[in-house]
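Biologist: I am new to this structure and should be grateful for a close look at one part of it. Please choose a strand and describe its surroundings, then continue to other parts of the chain as they become relevant.

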Amino acid sequence: MGDLSLRILTGFVLAIGLVAGLPGVSAQESVKLDGYAEWKRGGELVVDGQRVRTDAATKWKGRHTGVETVPLGDEVRVTGTRQDDGSVLARQIDVRPNSANALFEADVLAGTAELEAAWLRDKLAFEPRDGGQIAKIGEVADSGPKVERVRRLVARLAPPYVPREKLRVYVIENKEWNAMAMGNGAIWVFSGIMDDMPDDQLAVVVGHELAHYTHEHSRRQARRGIWTQIGGLAAILGAEAIGNDAVRASVQIGAALSLSALNAGYGRDLEDQADRVGLRYAYEAGFPVADAPGVWQRFLEKYGQEDRVTNFFFSDHSRASTRRRNLEREIAQNYRR
Ligand SMILES: [Zn+2]
């Protein structure tokens with residue numbers, strides 16, 4: 001397999017697909033959040049789609065001691081308890097700058113940039129197959145009314161701290177319901193879901209994809225894949241230290257294989273987070289989120305409970321019915337005030 005096809009495969013695998021929920025949460029339940037500071041409002045911080053409050057007893061880790069100084073876009077980890085009003089009261093909050101040198105960030109960017117360029121070269125989205133063969137996914141449009149429609153949605157949905165020039169929008173001619181965000185900011189939406197869904201519903205799907213991008217799910221998932229495959233930091237550091245392209249390539253292949261072999265449980269928490277955060281994006285953009293669970297109802301009716309049918313390639317999603325219930329709980333906790 002040539003280097004290009006390897007990198008395409010890697011980029012392909014690292015690109016994460018469509019939309020997913022939150023386990024049962026009741027008041028006073030313990031909650032852990034791992035996300036980013038996305039909005040500040042009335043002394044609350046929005047993290048992982050949740051409204052996070054602090055009080056005098058909150059323990060601050062890192063260099064901040066109050067919500068006021070936390071920069072939007074910083075990584076935030078919270079442990080706290082769910083309050084009766086649906087917000088999360090932080091017992092401990094850890095804020096750190098979003099590092100551009102995180103493990104696998106460069107691999108994700110290089111691999112996805114390679115795949116994006118390959119798809120744009122002939123305006124054709126395809127899946128690499130053995131022996132240099134390809135499986136056609138659909139023709140790619142980078143301009144025109146459909147692209148403009150998605151572009152308008154993306155501009156509305158992306159949180160303010162995300163530079164709009166980092167996001168590139170494409171439409172793939174394919175009648176299935178699907179969409180994908182690459183780790184490098186390329187957003188791909190199938191024409192099928194655009195034809196069948198009004199903007200209010202498409203916003204939930206595009207919001208989900210944006211959350212994959214803003215929450216760096218490609219690199220997080222790649223990191224987990226490596227852990228699974230070769231079992232530890234030492235092996236990775238060893239590969240880097242050797243400086244051997246073949247070894248590094250095997251690490252990438254390892255990531256690819258383990259990602260593709262994933263099944264329920266591995267990527268589901270990231271999919272669920274993308275659902276929570278994507279719902280927040282739709283809400284903040286002014287879309288009527290009360291109808292968001294209906295999007296999953298529609299997926300359920302079209303595709304049944306199949307996990308894989310609604311996925312883009314290898315990614316894992318919660319079952320459509322679970323996702324619908326999760327969104328209903330999210331709305332009850334966060335958007336009914
Ligand atoms: Zn997804």
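Modeller: The account below begins with one strand and then turns to two loop residues and to helices. The model is a predicted one. Its chain has 337 residues, of which 45% count as buried, and its secondary structure comprises eleven helices and twelve strands.

The part chosen is strand β10, which covers residues 168-172. Four of its five residues are buried, so the strand is largely enclosed by the rest of the structure. β10 pairs with two strands named here. With strand β9, residues 134-141, the pairing is antiparallel and runs over two bridges. With strand β12, residues 186-190, β10 pairs in the parallel sense, over five bridges. I172 of β10 takes part in both descriptions: V140 stands opposite I172, and I172 in turn stands opposite F190 in β12. In a regular strand, side chains alternate between the two faces of the sheet.

Two loop residues deserve attention for their backbone. D48 lies in the loop between β3 (44-47) and β4 (50-53). Its phi is positive, near 60°, although D48 is not a glycine. D48 has 24 other C-beta atoms within 10 Å; because 20 or more are required, D48 counts as buried. K123, likewise not a glycine, has a positive phi near 50°. K123 lies in the loop between α2 and β8 (124-128). With 13 C-beta neighbours inside 10 Å, K123 counts as partly exposed.

K123 follows helix α2, and this helix can be checked for its length. α2 holds 17 residues, 105-121, and at 1.5 Å a residue should span 24 Å; its end C-alpha atoms are 24 Å apart, so the two values agree. The buried residues of α2 are D107, V108, G111, T112, E114, L115, E116, A118 and W119. An α-helix has 3.6 residues a turn, so residues three or four places apart point the same way.

A pair of helices completes the picture. Helix α10 (residues 292-303) and helix α11 (residues 320-334) pack at an angle of about 170°, with their axes 8 Å apart. An angle over 145 degrees counts as roughly antiparallel, and α10 and α11 are therefore roughly antiparallel to each other. On the α10 side, the contact includes W296, F299, L300 and Y303, while the α11 side includes R323, R324, L327 and E328. By class, the contact of α10 with α11 has eight nonpolar, two polar and three charged residues.

Methods: Residues are numbered from 1 along each chain as its sequence is written. This is a predicted model: local features need pLDDT of at least 70, side-chain atom pairs count only at pLDDT 80 or more; totals for chains, interfaces and linings use all residues. Axes are lines fitted to C-alpha atoms, for helices over the stretch in contact, and angles run from 0 to 180 degrees between N-to-C directions. Angles under 35 degrees count as roughly parallel, over 145 as roughly antiparallel, 65 to 115 as roughly perpendicular and the rest as oblique. Two residues are in contact if their C-beta atoms, placed from the backbone, lie within 7 Å. Ala, Val, Leu, Ile, Met, Phe, Trp, Tyr, Cys and Pro count as nonpolar, Asp, Glu, Lys and Arg as charged, and the others, Gly among them, as polar. The expected span of a helix is 1.5 Å times one less than its number of residues. A residue is buried if 20 or more other C-beta atoms lie within 10 Å of its own, exposed if 12 or fewer, and partly exposed in between; C-beta atoms are placed from the backbone. Two strands pair if DSSP finds at least two bridges between them.
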